[in-house]
Amino acid sequence: MSNQPPFEFGQTVYLVEASPNHQVGRPCPVCFGKLSVTIILGNGEQQPIECEMCEAGYLGPRGIVSVGEVSSSVIQATITGLEMEGDDWRISSNIRSYRQNERRFFAEKESAEQRRIELHSEAEDQAQKNFESRFRQGKKHSWSVGYHRNQIRDLERQLGWHREKLTHKKAVK
Ligand SMILES: [Zn+2]
């Protein structure tokens with residue numbers, strides 16, 4: 001059993017932080033700034049439509065998307081608290097606290113730097129996943145094309161029906 005505290009109170013340690021926190025603007029990967037894309041339908045017909053990837057609510061497409069940028073660092077910290085939490089240590093410092101199994105505190109700077117690289121690439125993977133999950137909403141495009149076309153067809157049918165009513169009356173009576 002190693003229930004020995006990993007650090008001592010007041011010990012100077014190296015704290016590793018990494019997070020996908022900064023949002024950065026990038027050219028839209030769907031419309032490339034053109035603000036619209038063209039859908040090729042099954043019959044080969046081409047249908048332009050507003051880009052939904054970079055749209056910002058009622059402002060419409062912007063040609064730019066926000067991407068999470070990862071930042072990571074190794075910070076010098078002082079241990080201020082150590083307590084058992086279940087079968088893990090909760091390590092507190094003057095900056096932040098983590099559980100030991102999160103591997104955020106290190107006695108040596110080299111180990112902290114290695115861990116930073118690891119956490120940095122994990123955070124980048126996460127940022128990429130977040131981005132791709134939004135990118136996959138590109139499926140919405142074909143749904144929108146279908147929706148708008150349906151609406152047009154409906155309105156045209158109604159228009160035709162109203163026109164017919166008027167001309168029909170004239171012709172009959
Ligand atoms: Zn776009």
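Entry 1, the sheet. I began with what pairing means here: two strands pair if DSSP finds at least two bridges between them. With that in mind, and remembering that I am looking at a predicted model, I traced an open sheet of 5 strands in the order β6-β5-β4-β1-β7, with antiparallel pairing. I then looked up which strands form the edges, and they are β6 and β7, each of which pairs on one side only.

Entry 2, the overall layout. I went back to the whole protein and noted 2 helices and 7 strands, which follow one another along the sequence as β-β-β-β-β-β-β-α-α. The protein has 173 residues, of which 13% count as buried. I also looked at how contacts span the sequence: among those between residues at least 6 apart, 63% join residues at least 24 apart.

Entry 3, β1 and β4. I asked myself how many bridges join β1 to β4. The number is 14, and the two strands run antiparallel, with β4 covering residues 64-85. To fix the register I picked out two pairs of partners: glutamate 17 has serine 73 in β4 as its bridge partner, and alanine 18 has serine 72 in β4.

Entry 4, β4 and β5. Moving along the sheet, I found that β4 and β5 pair in the antiparallel sense over 6 bridges, and that isoleucine 79 has serine 93 in β5 as its bridge partner. The hairpin of these two strands has 2 residues between the strands, and glycine 86 in this hairpin takes a positive phi near 65 degrees.

Entry 5, β2 and β3. I turned next to strand β2, residues 36-40, and strand β3, residues 46-50, which pair in the antiparallel sense over 5 bridges. Isoleucine 40 is matched with glutamine 46 in β3 as its bridge partner, while valine 37 stands opposite isoleucine 49 in β3. In this hairpin there are 5 residues between the strands, and I noted that glycine 44 takes a positive phi near 90 degrees.

Entry 6, the loop between β1 and β2. Which residue in this loop has a phi near 55 degrees, a positive value in a residue other than glycine? I found that this residue is phenylalanine 32, placed in the loop between β1, residues 12-27, and β2. Phenylalanine 32 counts as exposed because 12 other C-beta atoms lie within 10 Å, and the cut-off for exposed is 12 or fewer. Leucine 35 lies in the loop between β1 and β2, and leucine 35 also has a positive phi, about 70 degrees, although it is not a glycine. Leucine 35 is partly exposed, because 15 other C-beta atoms are found within 10 Å.

Entry 7, the nonpolar cores. I looked up the largest nonpolar core and listed 12 residues in all: Val13, Tyr14, Leu15, Val16, Ala18, Ile79, Trp89, Ile91, Phe105, Phe106, Ala112 and Ala123. At least two residues of this core come from each of β1, β5 (88-93), β7 and α1 (109-135). The largest share, 5 residues, is supplied by β1. Apart from this core lies another, of 5 residues, among them Cys28, Cys31, Cys54 and Val65.

Entry 8, valine 16. I followed one member of the largest core, Val16, and asked what valine 16 is in contact with, leaving aside its neighbours within four places in sequence. The contacts of valine 16 are Val74, Arg104, Ala112, Arg115, Arg116 and Leu119.

Entry 9, arginine 103. Last, I looked up arginine 103, whose place is in the loop between β6 (97-99) and β7 (105-106). I wanted to know whether arginine 103 is partly exposed or buried. Arginine 103 is partly exposed, because 14 other C-beta atoms lie within 10 Å, whereas a buried residue needs 20 or more. I also set arginine 103 against arginine 115: they are 12 residues apart in sequence, and their C-alpha atoms are 7.8 Å apart in space.

Technical notes: Residues are numbered from 1 along each chain as its sequence is written. This is a predicted model: local features need pLDDT of at least 70, side-chain atom pairs count only at pLDDT 80 or more; totals for chains, interfaces and linings use all residues. Two residues are in contact if their C-beta atoms, placed from the backbone, lie within 7 Å. A nonpolar core is a set of buried Ala, Val, Leu, Ile, Met, Phe, Trp, Tyr and Cys residues joined through C-beta atoms within 7 Å.
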